[in-house]
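This report describes the strand arrangement, the charged pairs and the nonpolar core of one protein chain. The sequence and the coordinates are shown first.

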Amino acid sequence: MERYWCLRWLIQENAGTAAATVIRESLVRFDELPLTLRVPSLPPLDPGSRVELAVTGIDLLELTLHCEFRRRIAPETLAAGAVS
């Protein structure tokens with residue numbers, strides 16, 4: 001149920017990009033949402049690295065979210081609106 005409402009929020013906010021933190025390998029946790037996701041296009045990065053993802057598809061029936069790696073967020077850069 002929580003995943004559904006996270007996806008609904010992304011749709012409501014018309015989110016084209018989202019900030020996330022790498023947990024391990026291709027697994028990330030969104031900064032603004034209680035949501036984790038595998039991102040196959042994620043390059044090898046250290047855990048704790050912050051990245052910007054492009055939201056490319058949301059399916060509320062299957063509860064799936066597709067994102068693509070856009071760029072790495074520098075540690076000194078504070079995202080003043082992680083989801084845009």
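## A charged pair between a loop and a strand

The model is predicted. Arg50 has a relative accessible area of 24% and is therefore classed as partly exposed. Its salt-bridge partner is Asp31, and the closest N and O atoms of the two are 2.6 Å apart. Asp31 sits in the loop between β2 (27–30) and β3, whereas Arg50 belongs to strand β4, so that the pair links distant parts of the chain, 19 residues apart. Asp31 is likewise partly exposed, with a relative accessible area of 30%.

Arg50 also takes part in strand pairing: within β4, Arg50 is the bridge partner of Thr21. Side chains of opposite charge can pair when their charged atoms come close.

## The sheet

Five strands make up an open sheet, and their order is β3-β2-β1-β4-β5. The pairing is antiparallel. The edges of the sheet are taken by β3 (36–38) and β5 (64–73); each has a single partner strand, so one side of each lacks a neighbour in the sheet. On average, neighbouring strands of this sheet are turned by 45° against each other, direction ignored.

Strand β1 (residues 17–24) and strand β4 (residues 50–59) run antiparallel and are joined by five bridges. In general, strands of a sheet pair through backbone hydrogen bonds, either parallel or antiparallel.

## A salt-bridge network on Glu52

How many salt bridges does a search of the whole structure find? The search finds three. Besides the pair of Asp31 and Arg50, there are salt bridges from Arg70 to Glu52 and from Arg71 to Glu52. Glu52, Arg70 and Arg71 are thus joined in a network of salt bridges.

For Arg70 and Glu52, the closest N and O atoms are 3.4 Å apart. This pair links distant parts of the chain, with Arg70 in strand β5 and Glu52 in strand β4, 18 residues apart. For Arg71 and Glu52, the corresponding separation of the closest N and O atoms is 3.1 Å. Because Arg71 lies in strand β5 and Glu52 in strand β4, the pair ties together parts that are 19 residues apart in sequence.

## Accessibility and surroundings of the network

Is Glu52 buried or exposed? Glu52 has a relative accessibility of 15% and counts as buried, because the cut-off for this class is under 20% relative accessible area. Its two arginine partners fall in another class: Arg70 is partly exposed at 47% relative accessibility, and Arg71 is partly exposed with a relative accessible area of 38%.

Neighbours within four places in sequence aside, Glu52 is in contact with Thr17, Ala18, Glu68, Phe69, Arg70, Arg71 and Ile73. The contacts of Glu52 therefore include both of the arginines with which it is linked in the salt-bridge network.

## The nonpolar core

The largest nonpolar core has 20 residues. Val28, Phe30, Val51, Leu53 and Leu65 are the members with the most contacts inside this core. The elements that give two or more residues to the core are α1 (2–12), β1, β2, β4 and β5.

Which residues does Val51 touch, not counting those up to four places away in sequence? They are Ala18, Ala19, Ala20, Val22, Val28, Leu42, Leu45, Phe69, Arg71, Arg72 and Ile73. Among them is Arg71, a salt-bridge partner of Glu52.

Definitions and conventions: Residues numbered from 1 in each chain as written. Predicted model: local features only at pLDDT ≥ 70, side-chain atom pairs only at ≥ 80, totals over all residues. Heavy atoms only, no water. Pairing = 2+ DSSP bridges. Helix = DSSP H or I, 4+ residues; strand = E, 2+ residues; numbered from the N terminus. Axes fitted to C-alpha atoms, helices over the stretch in contact; angles between N-to-C directions. Salt bridge = Lys/Arg side-chain N within 4 Å of Asp/Glu carboxyl O. Buried < 20%, exposed > 50% of the residue type's maximum accessible area, 1.4 Å probe, protein only. Contact = heavy atoms within 4.5 Å. Core = buried A, V, L, I, M, F, W, Y, C linked by side-chain atoms within 4.5 Å.
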